[in-house]
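This report describes the architecture of a single chain, from its nonpolar core outwards to its helices and loops. The sequence and the model are shown first.

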Amino acid sequence: MIAKEFSELIVGPVNKNLCNAHLIGLSFGYSQLMANVSLIFYLVIGAVLQKDDDTISGFHIFICSFVFIFASQTASNAQSYGPDITKAFLASIKIFTLMFTPTKINAIDEPPQKLLTVDHFQGEIEFKDVWFRYPSRPKQWVLKGFNLKIKANDCIAIVGESGQGKSTLINLLLRFYDVTFGEILIDGADIRSYDVRNLRA
Ligand SMILES: Nc1ncnc2c1ncn2[C@@H]1O[C@H](COP(=O)(O)OP(=O)(O)OP(=O)(O)O)[C@@H](O)[C@H]1O
Ligand SMILES: [Mg+2]
């Protein structure tokens, strides 16, 4: 019963692939035919040229024929990489654009002005009316007016369903992203006034 249903279901894909297989077979046969036809063509041309010119030997014709055949084969092989080359080119543009896009939150270079450090960290963290959406999904708010105050030395757990924004809170705390609205305070000072390098150390 199952085998019958299965064989009925695969009739469509089999017919479709059968057609493709025939096309591939034909094109392969055609390319082989053309390789042999071109060899005959070069040999005939060589023979005609040799008739009028005594300096051309059979050896020359042989060498020239193979140079042409291998060159055309290599050129056609290289051409088959055409679509991949285009894809690689477009991908490299994306990679280099990403690499050369200046980051809004620079965690590598020395900041231009003196920033706060968390050397004397007391430990109070406050999320104050935080609104946040990821730049890649500007229509979806992850945090909408989120408030949370964690007192120094308090140990808390953030629980919630998957996709509710728990990891996002940590991403914001380490300044992988900046809040869209609202503020995050560490020991009463806005997180943006801290040196990011020190914040993540
Ligand atoms: N880098 C990102 N770009 C765009 N959207 C993101 C990104 N990271 C997370 N999101 C989206 O933000 C929302 C909150 O994700 P988050 O990872 O903070 O949830 P979570 O509570 O940590 O989930 P889980 O319990 O599965 O770890 C989800 O809808 C998620 O799809
Ligand atoms: Mg998570």
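The largest nonpolar core of this predicted model consists of eleven residues: Phe127, Val130, Phe132, Val142, Leu143, Leu169, Leu172, Val179, Ile184, Ile191 and Tyr194. Two elements, β1 and α5 (166-173), each give two or more residues to this core. Strand β1 supplies the largest share, namely three residues.

**The sheet**

Strand β1 belongs to an open sheet of four strands, arranged in the order β2-β1-β3-β4 with antiparallel pairing. The edges are formed by β2 (143-150) and β4, each of which pairs on one side only. Such pairing between strands rests on backbone hydrogen bonds and may be either parallel or antiparallel.

The contacts between strands can be followed across the sheet. Strand β1 (residues 125-132) is joined to β2 by five bridges in the antiparallel sense. Five bridges also connect β1 to β3 (residues 181-186), again with antiparallel strands. Glu126 illustrates both contacts: its counterpart in β2 is Lys149, and in β3 it stands opposite Leu185. Strand β3 in turn pairs with β4 (residues 189-190) through two bridges, also antiparallel, and Ile186 has Ala189 in β4 as its bridge partner. Two residues separate β3 from β4 in the hairpin that these strands form.

**Backbone exceptions and loop residues**

Most residues other than glycine have a negative phi. Which residues depart from this pattern although they are not glycines? Arg175 does, with a positive phi of about 55°, and so does Asp187, with a positive phi of about 50°. Arg175 is placed in the loop between α5 and β3, whereas Asp187 lies in the loop between β3 and β4, where it is part of the hairpin turn.

Are these loop residues buried or exposed? A residue is buried if 20 or more other C-beta atoms lie within 10 Å of its own, and exposed if 12 or fewer do. Arg175 has 18 C-beta neighbours inside 10 Å and therefore counts as partly exposed. Asp187, with 15 such neighbours inside 10 Å, is likewise partly exposed.

Leu116 is located in the loop between α4 and β1. With 17 other C-beta atoms within 10 Å, Leu116 is also partly exposed. Its C-alpha atom is separated by 26 Å from that of Thr101, a residue 15 positions away along the chain.

**The ligand surroundings**

Which residues surround ligand 1? The shell comprises Tyr134, Ser136, Arg137, Val142, Gly160, Ser162, Gly163, Gln164, Gly165, Lys166, Ser167 and Thr168. By residue class, the shell divides into two nonpolar, eight polar and two charged residues. Val142 appears both in this shell and in the largest nonpolar core.

**Two helices and the domain arrangement**

Helices α3 and α4 may be set side by side.

| Helix | Residues | Number of residues | Distance between end C-alpha atoms | Expected span |
|---|---|---|---|---|
| α3 | 58-80 | 23 residues | 33 Å | 33 Å |
| α4 | 82-100 | 19 residues | 27 Å | 27 Å |

For α4, the span expected at 1.5 Å a residue agrees with the distance between its end C-alpha atoms. For α3, the reach from the first C-alpha to the last is close to the expected value.

How many residues of α3 are buried? The number is zero, so α3 lies largely in the open. Helix α4 is hardly covered, as its count of buried residues is also zero.

On the scale of the whole chain, the domain assignment gives domain 1 (2-98) and domain 2 (125-200). The C-alpha centres of domain 1 and domain 2 are 58 Å apart.

Definitions and conventions:
Residues numbered from 1 in each chain as written. Chains lettered and ligands numbered in written order. Predicted model: local features only at pLDDT ≥ 70, side-chain atom pairs only at ≥ 80, totals over all residues. Domains from an automatic or database assignment. Expected span 1.5 Å × (residues − 1). Near = placed C-beta within 6 Å. Nonpolar A, V, L, I, M, F, W, Y, C, P; charged D, E, K, R; others polar. Pairing = 2+ DSSP bridges. Core = buried A, V, L, I, M, F, W, Y, C linked by C-beta atoms within 7 Å.
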